[in-house]
Amino acid sequence: MFEQVRKKFSLEEKKWDDFVGCFRHMKVPAKTTLLNEGEISKKMFLIETGCIRVWFNNKGKDITTQFFFENNMVGSIESFRKNIPSLVTMETIEPSTIWWIYKKDMDRLIEEIKETPVLRDLFIDAIFDRTYDYIRQFVSSIKDTPQQRYLNLLNERPQIVQRIPQHYIASYLGISTVHLSRIKSKLAKDGI
């Protein structure tokens with residue numbers, strides 16, 4: 001996975017080895033908690049294979065906020081950067097191969113990235129992409145009907161519908177599993 005990144009950027013061998021050497025590798029089963037809500041995040045994760053769900057507890061009910069797949073970096077950014085308790089829990093949905101990095105190493109790499117324009121731009125773009133996804137999801141949860149939110153999901157992120165259990169999709173859409181089943185039945189009758 002790192003070799004794909006290396007091909008895009010011309011970094012000297014020593015700098016590349018230092019970069020890769022900061023990451024640790026692990027294989028974990030489905031339903032592995034990587035960070036609990038309320039803990040302070042000390043690691044960021046890069047997904048080689050698998051899927052991670054990010055969620056929080058709202059009065060005993062799981063509310064899913066995001067799914068991350070292969071080649072995505074994920075962490076409780078606010079907790080990680082500000083050293084405050086995480087607002088979310090992160091757990092694997094599928095058996096996953098994950099690379100992780102400690103905060104102290106990531107902080108050092110971020111300082112180095114600032115000095116390399118191509119890497120800095122890539123890092124900034126990744127942050128903007130994540131922010132854009134959250135804003136789009138937030139606006140959709142206010143203005144779109146549950147059926148339109150599901151159709152958006154089908155069109156924009158079909159891997160979620162293909163790989164994620166229905167109860168997590170319903171939580172992500174802000175509806176019950178029964179409501180999701182009704183939407184899917186209606187769409188099937190309509191030939192969608």
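**Close-up 1. Leu 46 faces Met 73 across two paired strands.** In this predicted model, Leu 46 stands opposite Met 73 of strand 6. Helix 4 (residues 103–113) packs on the sheet here and touches strand 1, strand 6 and strand 8 (96–102); contact means heavy atoms within 4.5 Å. The direction of helix 4 makes about 75° with that of strand 8, where axes are lines fitted to C-alpha atoms, for helices over the stretch in contact, and angles run from 0 to 180 degrees between N-to-C directions. Strand 3 (residues 43–49) pairs with strand 6 in the antiparallel sense over two bridges; two strands count as paired if DSSP finds at least two bridges between them. Helices (H or I, at least four residues) and strands (E, at least two) are DSSP runs, numbered from the N terminus.

Two notes help with every view. Residues are numbered from 1 along each chain as its sequence is written. Local features need pLDDT of at least 70, side-chain atom pairs count only at pLDDT 80 or more, totals for chains, interfaces and linings use all residues, and side-chain values use heavy atoms, with hydrogens and water left out.

**Close-up 2. An open sheet of four strands has the order 1-8-3-6.** The pairing in this sheet is antiparallel. Its edge strands are strand 1 (23–28) and strand 6 (73–74), each of which pairs on one side only.

**Close-up 3. Another open sheet of four strands follows the order 2-7-4-5.** Here too the pairing is antiparallel. Strand 2 (33–35) and strand 5 are the edge strands, each pairing on one side only. On average, neighbouring strands of this sheet are turned by 35° against each other, direction ignored. Helix 8 packs on the sheet, touching strand 4, strand 5 and strand 7, and its direction makes about 95° with that of strand 5.

**Close-up 4. Strand 4 has antiparallel partners in strand 7 and strand 5.** Four bridges join strand 4 to strand 7 (residues 89–92), and Val 54 stands opposite Met 90 in strand 7. Seven bridges join strand 4 to strand 5, where Asn 57 stands opposite Asp 62. Strand 4 and strand 5 form a hairpin with two residues between them, and Lys 59 in the turn has a positive phi of about 55°.

**Close-up 5. Helix 8 and helix 9 pack at an angle of about 95°.** Their axes lie 9 Å apart, and the two helices are therefore roughly perpendicular to each other (65 to 115 degrees). Gln 166, His 167, Ile 169, Ala 170 and Leu 173 in helix 8 meet Thr 177, Leu 180 and Lys 184 in helix 9. The residues of this contact divide into four nonpolar, three polar and one charged. Ala, Val, Leu, Ile, Met, Phe, Trp, Tyr, Cys and Pro count as nonpolar, Asp, Glu, Lys and Arg as charged, and the others, Gly among them, as polar.

**Close-up 6. Helix 6 crosses helix 9 at roughly 70°.** The axes of helix 6 and helix 9 come within 10 Å, and the crossing makes helix 6 roughly perpendicular to helix 9. From helix 6, Pro 146, Gln 147, Tyr 150 and Leu 151 meet residues of helix 9 including His 179, Leu 180 and Ile 183. By class, the contact has six nonpolar, two polar and two charged residues.

Notes. Parallel < 35°, antiparallel > 145°, perpendicular 65-115°, else oblique.
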